[in-house]
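This report describes a local arrangement of strands and aromatic rings, together with the charged groups placed over rings. The sequence and the coordinates come first.

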Amino acid sequence: MKIARIETFLVPPRWLFCRVETDEGLVGWGEPVVEGRAEVVRAAVGVLAEYLIGEDPLRIEHHWQVLTKGGFYRGGPILSSAVAGIDQALWDIAGKAYGAPVHALLGGPLRDRARVYAWVGGDDPSEIADGVTAHVEAGMTAVKMNASGRLSPVPTPAEVDAIVERVGAARAALGDHRDVAIDLHGRASLPAARMILPAVAPLRPLLVEEPLVPEQTHLLGEVVRSAPVPVATGERLYDRAGFLPALKAGVAVVQPDLSHAGGISEVRRIAALAETYGALFAPHCPLGPIALAASLQVAFATPNFLIQEQSMGIHYHRGGADLLDYLADPAPLRIVDGHIARTDAPGLGITIDEKAVRQAAGHAWRNPVWRHDDGSFAEW
């Protein structure tokens with residue numbers, strides 16, 4: 001069996017799908033994308049495809065090694081994301097070739113279902129309370145929310161109090177038997193993180209995500225030592241080497257993205273590395289159905305799995321497609337009582353509606369650029 005064709009599709013609201021076809025008719029799907037730079041990743045997939053055409057798709061690890069190391073210049077989000085989507089598609093083909101789900105190829109399942117969380121929006125506490133209540137009524141057991149919008153380098157007491165008030169509204173709606181995760185989105189400086197994390201600690205968040213930008217991973221130890229809350233990071237780290245300093249700093253949860261961090265092949269190794277540091281594994285995934293399906297396959301086979309992000313109804317989808325719109329059958333990704341059940345269907349366990357993908361209108365999604373009141377750049 002040989003790889004015969006590799007295609008990519010820009011699909012709304014902000015995704016890039018990759019289709020790998022073999023000369024025997026097996027097709028695998030992946031999701032290689034950097035949000036806001038999808039066209040650039042698409043070009044990278046095209047370059048990598050030059051190596052793959054005519055190769056055996058089942059030599060997944062060999063291809064991963066060549067694609068990540070075969071160029072003199074290595075790494076970075078564009079290359080790692082291009083490799084990630086191809087890697088997902090090759091695992092999908094392997095599962096279909098062997099008649100087994102990917103989690104079986106990774107050593108077999110450890111759990112029957114994976115816990116997921118929902119995003120909740122809203123700029124004021126009343127909106128957050130209403131959003132959380134709707135998720136609770138739908139059976140969700142955990143939500144995640146942005147801690148704030150634009151954040152001052154050294155937040156005022158009012159800024160910190162506003163964060164606590166908003167998280168408090170979520171906690172009140174959730175009660176004590178459900179969880180709230182807080183995303184700082186890299187918007188906090190070190191002094192800001194030292195102020196915010198102790199302030200929200202009494203509300204007992206499941207985790208506080210990305211308190212610092214990835215360039216400041218060397219400062220995470222200061223954040224970890226400053227507050228008794230689980231610190232999480234990793235959506236903008238792309239390989240084991242990038243996660244090692246964060247783990248040495250004492251982060252409690254790693255959040256590699258299956259569409260950014262080298263795909264299934266590398267993320268399973270990141271999870272194993274995290275396990276040796278006593279850290280938990282919560283894959284980042286505000287993306288599409290293929291990325292989620294790949295994430296779940298790893299989650300089902302990973303002992304230190306904590307919870308899975310998913311994008312159903314997320315604010316990025318407004319005016320575009322939602323998570324299940326490109327599936328021929330949405331059942332494998334249905335959320336019931338805050339969990340997605342394990343499927344034993346071969347490959348990634350989902351069937352893409354190829355007609356819908358080919359008819360998709362494309363997109364040119366870009367993240368906003370924020371500025372402080374003085375006109376200087378602010379982290380989004």
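## Sheet, aromatic cluster and charged groups

In this predicted model, the charged end of Arg269 lies over the ring of Trp64, at 4.6 Å from the ring centre. A second arrangement of this kind involves Arg14, whose charged end sits over the ring of Tyr316, 3.7 Å from its centre. The two contacts are set out below.

| Charged residue | Ring | Charged end to ring centre |
|---|---|---|
| Arg269 | Trp64 | 4.6 Å |
| Arg14 | Tyr316 | 3.7 Å |

The strands are considered next. An open sheet is built from 3 strands in the order E1-E2-E3, and their pairing is antiparallel. Its edge strands are E1, covering residues 3-11, and E3, covering residues 27-30; each of them pairs on one side only. From one strand to the next, the twist averages 20°. Strand E2 comprises residues 15-22 and is joined to E3 in the antiparallel sense over 4 bridges. Val20 stands opposite Gly28 in E3. Helix H3, residues 77-98, lies across E1, E2 and E3, and runs at about 145° to E3.

The aromatic side chains add a further set of contacts. The structure holds 8 aromatic pairs. One of them is formed by Trp15 and Phe17, which are stacked, with 6.2 Å from centre to centre and 15° between the planes. The angle of 15° falls under 30 degrees, and therefore the pair counts as stacked.

Trp15 also pairs with Tyr326, here in an edge-to-face manner: the centres are 6.1 Å apart and the planes make an angle of 70°. This pair links distant parts of the chain, since Trp15 belongs to strand E2 whereas Tyr326 is in the loop between strand E11 (308-309) and strand E12 (339-341), with the two positions 311 residues apart in numbering. Trp15, Phe17 and Tyr326 together form one aromatic cluster.

Are the members of this cluster buried or exposed? Trp15 counts as buried because its relative accessibility is 0%. Phe17 is likewise buried because its relative accessibility is 0%. Tyr326 has a relative accessible area of 7% and is therefore buried; the cut-off for this class is under 20% relative accessible area.

Terms used: Residues are numbered from 1 along each chain as its sequence is written. This is a predicted model: local features need pLDDT of at least 70, side-chain atom pairs count only at pLDDT 80 or more; totals for chains, interfaces and linings use all residues. Side-chain values use heavy atoms; hydrogens and water are left out. Two strands pair if DSSP finds at least two bridges between them. Axes are lines fitted to C-alpha atoms, for helices over the stretch in contact, and angles run from 0 to 180 degrees between N-to-C directions. Contact means heavy atoms within 4.5 Å. Rings of Phe, Tyr and Trp (its six-membered ring) pair if their centres lie within 6.5 Å; planes under 30 degrees apart count as stacked, over 60 as edge-to-face and the rest as tilted. Buried means under 20% relative accessible area, exposed over 50%, partly exposed in between (1.4 Å probe, protein chains only). A charge sits over a ring if NZ of Lys or CZ of Arg is within 6 Å of the ring centre and within 35 degrees of the ring normal.
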